[in-house]
Every structure is written in structure tokens, then in C-alpha cells.
Amino acid sequence: MSQGPAPRQLSDEALSALLGQQQFGTLATIKRSGQPHLTTMLYSWDPDTRTVRFSTTADRSKVGHLRRNSRATVHVQGGDVWSFAVAEGQAEVSEVTEVPGDAVGQELLAMLPEAARPEDPAAFLKQQVDERRVVIRLPVERLYGTALDV
């Protein structure tokens, strides 16, 4: 057995900061068979509402999984391999954005980091409609994670 330090539980503030610093996480949904379905996703974190948001298309497997069983988990690695955050909750899938600039389209646009905002928002919003984009919202019910100080 290792004589090294034990993992340290991260505070809620540290976990929120970790979610805010990263951009990619692994989203876990539940397949019809009960097996987990894992996919790496770009996400946005809203610490005020404690909601993780993902953009995807309406035809993706994860959307079907969530419509059947809304339980979802996202795992986010910290700045090193020794730290992580996990957010769990009941996910919501938005309606498909159907008209450029509708509420879902505006939410998709707002999810982009300032540096990634398109020069032509109208073209972006039309592309979201063409791709049949939806927003997966994961209001966080449980947030946990650890760090290992090595």
C-alpha cells in the first residue's frame, strides 16, 4: 500500500472554480440496456444557477437517453491528473432551435465564451437551426471531487 498523502475533498467553492476553469468534461447518460454512455463534451458552467450546459444536435444518442431517463453525470478533470469534479443531476433537454434568434438559439449563443463569440451572430444562429441544435441543461444536485497533493 502507498504511504503517500490521502485524497483531499474539495470544497464547494473549489469545485465550482474547477468547473469554471475547464471547458471539456465527460457526460454520462444511461442507455436502454442500463449501461452508461460516455461522451466527451464542451460545456459551460453557470455558478449562479449551478447549471452545466451542453450544446448538441437533436439526433444524438445522449438526447434519446436523457428523454428516457434524465439522470446524468459529468466528470471534469482538474488541472492535473490528481484532481476532478463530478456534477450529478436530472438533465433537461430543450426544444430544437427552429427560428434563428429564438430563445434556444440565444441560449446557445450565450454559452460561448466571450473570445469564441462569432463575428456574425445571425449566421451562427442560422447554423444552429440548420444543425437542429438543442441545449442539455444539468442543474447540479450533487457536486463532489477530490485532489491529491503529490
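**View 1. The surroundings of K62 in this predicted model.** Let's start with a lysine and its neighbours. Leaving aside residues up to four places away in sequence, K62 touches L27, T29, H37, T39, M41, T56 and I136. The lysine itself sits in helix α2, which covers residues 61–68. K62 is buried, yet has no salt bridge. Its nearest side chain of opposite charge belongs to D59, 8.3 Å away. A salt bridge would need a side-chain nitrogen within 4 Å of a carboxyl oxygen.

**View 2. The aromatic pair of Y43 and F54.** How many aromatic pairs does the structure hold? There is 1, and its members are Y43 and F54. The ring centres lie 6.4 Å apart, and the planes make an angle of 55°, which is a tilted arrangement. Y43 comes from strand β3 (residues 36–46) and F54 from strand β4 (residues 51–57). With their positions 11 residues apart in sequence, the two rings link distant parts of the chain. Are these residues buried or exposed? Y43 is buried, with a relative accessible area of 7%, and F54 is buried too, at 0% relative accessibility.

**View 3. The largest pocket and its lining.** Here we turn to open space in the model. The largest pocket holds about 360 Å³ of space. Its lining is made up of 17 residues, and those nearest the centre are L42, Y43, S44, M111 and P113. Which elements give two or more residues to this lining? They are α1 (12–21), β3, β4, α3 (103–111) and α4 (121–130). Strand β3 gives the most, with 4 residues. You have already met Y43, from the aromatic pair, and here Y43 is one of the residues nearest the pocket centre.

**View 4. A buried salt bridge between E107 and R53.** In this close-up, the side chains of E107 and R53 meet in a salt bridge, with 2.7 Å from N to O. Because E107 belongs to helix α3 and R53 to strand β4, the pair ties together parts that are 54 residues apart in sequence. Both E107 and R53 are buried. For the wider setting, a search of the whole structure finds 10 salt bridges.

**View 5. A salt bridge within helix α4, between K126 and D130.** The side chains of K126 and D130 come together at 2.8 Å, N to O. Where do the two residues lie with respect to each other? They are 4 residues apart in helix α4, so about one helical turn separates them. K126 is partly exposed, with a relative accessible area of 45%. D130 counts as exposed because its relative accessible area is 53%, and the cut-off for exposed is over 50%.

**View 6. R133 with E131, and a network of shared partners.** R133 and E131 form a salt bridge whose closest N and O atoms are 2.8 Å apart. At 18% relative accessibility, R133 is classed as buried, since buried means under 20%. E131, at 28%, is partly exposed. Elsewhere, salt bridges that share partners join D46, R53, E92, E107 and R137 into one network. E107 and R53, the pair shown in View 4, are among the members of this network.

Key. Residues numbered from 1 in each chain as written. Predicted model: local features only at pLDDT ≥ 70, side-chain atom pairs only at ≥ 80, totals over all residues. Heavy atoms only, no water. Phe/Tyr/Trp six-rings, centres within 6.5 Å; stacked < 30°, edge-to-face > 60°. Buried < 20%, exposed > 50% of the residue type's maximum accessible area, 1.4 Å probe, protein only. Lys, Arg positive; Asp, Glu negative; His and termini not counted. Contact = heavy atoms within 4.5 Å. 1 Å grid on protein atoms, 1.4 Å probe; cavity = no way out; pocket = protein on both sides within 12 Å on 5 of 7 lines; lining within 4 Å. Points joined across faces, edges and corners; volume = space filled by probe spheres on them.
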